[in-house]
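Reader: Could you take me through one part of this model in detail? I would enjoy a close look at the inside, and then a word on how far to trust the rest.

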Amino acid sequence: MNLLPENPPQAWLLGKENGFGKSGSSENMKKISCLIGGWLVGGCLGIFGMVVAQDPSPEPSAGSVTTPATAPGTSRKAPTTRRAYPPRLLQPHVFRTINPYLDMMNLTNIHDIEAVASQSEEYDWARAISFRSKVWYLELEVKPMRVMTVDLPGRDGKLQRRAVWYLLYKVRNPGQVFVSKPKSLDADTTALLEKLQEAGTHPLLDERHYYEIGTSKEDLRFIPIFELQTYDAYVMDPATRKEKAANRRYIDRFLPIAVQAVKQREDRGRNILDSAQMSNRVIRPGEEVWGVAVWSGVNPTVDRFSVYVSGLTNARKWFPDESDPSKGVYKYKVLKLNYWRPGDESPLGQNSRSLKMGAPGVLDYEWIFR
């Protein structure tokens with residue numbers, strides 16, 4: 001079969017004279033194909049070598065973080081680069097600062113050791129004993145309470161769209177640990193105490209109850225307990241057939257999926273810890289740590305609720321028993337945040353702006369002993 005045109009151009013004619021045309025064998029065509037293929041392969045390899053020689057592994061940019069990833073076909077981990085987000089810049093007064101209301105009287109508690117003092121009059125020394133303790137505290141700032149919808153796994157293992165209430169906060173170690181030390185009394189104070197004791201005006205005014213306050217810097221841990229308590233959820237009393245208040249308590253839950261959703265919404269560039277992670281974190285003097293408390297399954301019809309925060313201080317107070325003053329119990333200082341949500345029940349996409357700190361007739365927050 002003749003593949004050349006009937007009237008070939010001059011180039012083909014020259015080729016035929018040199019044995020590369022029709023008069024040549026098929027082996028000549030194969031030689032030409034091999035030459036052209038070799039030129040193409042050589043050119044591709046050259047271009048590839050130039051690209052590799054420029055920069056085979058570029059340095060990560062300033063806004064990226066290198067994380068290990070498994071290389072194909074190997075058990076070792078090769079570095080990969082992902083983007084790191086800077087912390088979000090917040091306007092002033094976005095966080096609400098909580099005043100710790102320090103009371104130096106919390107450094108000491110005076111009460112009897114009734115189990116010893118009741119034995120006989122010889123053990124009167126066991127009455128009005130001063131129990132001194134080292135008191136520390138953490139500074140707290142909170143953002144407004146918010147609500148968001150998150151896909152959480154249900155009992156059957158399937159994801160369900162549910163409403164999650166969360167409180168974003170940050171704690172700081174001010175580096176002040178208060179310690180009470182016995183104080184020696186001068187001659188004038190001792191004489192005054194003797195006169196008061198003789199007159200029986202104040203038998204507790206003796207040298208045992210005089211002390212001076214010092215401060216020290218120590219590493220602290222925040223072991224938080226966030227308890228959300230509602231006040232206006234009603235149920236039917238089967239006995240009286242009337243509605244009665246059923247105050248329900250919701251404890252901060254361990255929901256990693258919800259915490260990640262909160263982080264994506266609030267600040268992707270900051271490390272936000274849940275309560276379990278916060279408990280394992282040592283806070284050094286002057287250091288500030290961010291955290292979040294989350295609740296799910298909160299009654300959407302609630303109008304008034306409070307959040308009790310435990311673990312911000314170790315201050316405690318002795319409360320004698322009303323029926324038997326010789327007995328009593330220690331109660332610890334707890335922060336109570338009061339909230340108000342006016343309106344009726346809302347769907348899953350509840351409006352977070354309706355959650356307001358404070359309520360008509362109550363304080364925004366208060367310190368209590370419980």
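Author: Happily! The largest cavity of this predicted model has a lining of 16 residues, and those that lie nearest its centre are Leu 102, Val 135, Tyr 137, Thr 313 and Lys 333. Sorted by class, twelve of the lining residues are nonpolar, while two are polar and two are charged. The volume of this cavity comes to about 130 Å³. A search of the whole structure turns up three cavities of 30 Å³ or more, and the one described here is the largest of them.

Now for the chain around it. The protein chain contains six helices and 24 strands. Of its 370 residues, 31% are buried. Taking contacts between residues at least 6 apart in sequence, 68% of them join residues at least 24 apart.

One buried residue is worth a visit of its own: Asp 267, which sits in the loop between α5 (256-266) and β17 (272-273). Asp 267 counts as buried because its relative accessibility is 4%, and the cut-off for that label is under 20%. Its side chain has two partners to look at. One is the backbone nitrogen of Arg 88, which the side chain of Asp 267 reaches at 2.9 Å. The other is the side chain of Arg 270, joined to that of Asp 267 by a polar contact of 3.3 Å. Leaving aside residues up to four places away in sequence, Asp 267 touches Pro 86, Pro 87, Arg 88, Val 262 and Ile 272. Arg 88 thus appears twice, as a residue that Asp 267 touches and as the owner of the backbone nitrogen that its side chain reaches.

As for trust, the mean pLDDT of the protein chain is 77, and 66% of the residues score at least 70. Among the elements, strand β7 (residues 139-142) has the highest mean, 97, and helix α1 (residues 10-17) the lowest, 44. Two stretches call for care. Residues 1-5 stay under 50 in pLDDT, and the model gives them five contacts beyond four places in sequence. Residues 55-67 also have a pLDDT below 50, with 19 contacts in the model beyond near neighbours in sequence. Where pLDDT is low, predicted coordinates should not be read in detail.

Key: Residues are numbered from 1 along each chain as its sequence is written. This is a predicted model: local features need pLDDT of at least 70, side-chain atom pairs count only at pLDDT 80 or more; totals for chains, interfaces and linings use all residues. Side-chain values use heavy atoms; hydrogens and water are left out. pLDDT is the predictor's confidence in each residue, from 0 to 100. Helices (H or I, at least four residues) and strands (E, at least two) are DSSP runs, numbered from the N terminus. Contact means heavy atoms within 4.5 Å. Buried means under 20% relative accessible area, exposed over 50%, partly exposed in between (1.4 Å probe, protein chains only). A polar contact is a pair of N or O atoms within 3.5 Å; within protein, one must be able to donate a hydrogen and the other to accept it, and residues adjacent in sequence count only if both atoms are side-chain atoms. On a 1 Å grid over the protein atoms alone, a cavity is a set of points where a 1.4 Å probe fits but cannot get out, and a pocket is an open set with protein on both sides within 12 Å along at least five of seven lines; lining residues have an atom within 4 Å of a point. Grid points are joined across faces, edges and corners, and a volume is the space filled by probe spheres set on the points. Ala, Val, Leu, Ile, Met, Phe, Trp, Tyr, Cys and Pro count as nonpolar, Asp, Glu, Lys and Arg as charged, and the others, Gly among them, as polar.
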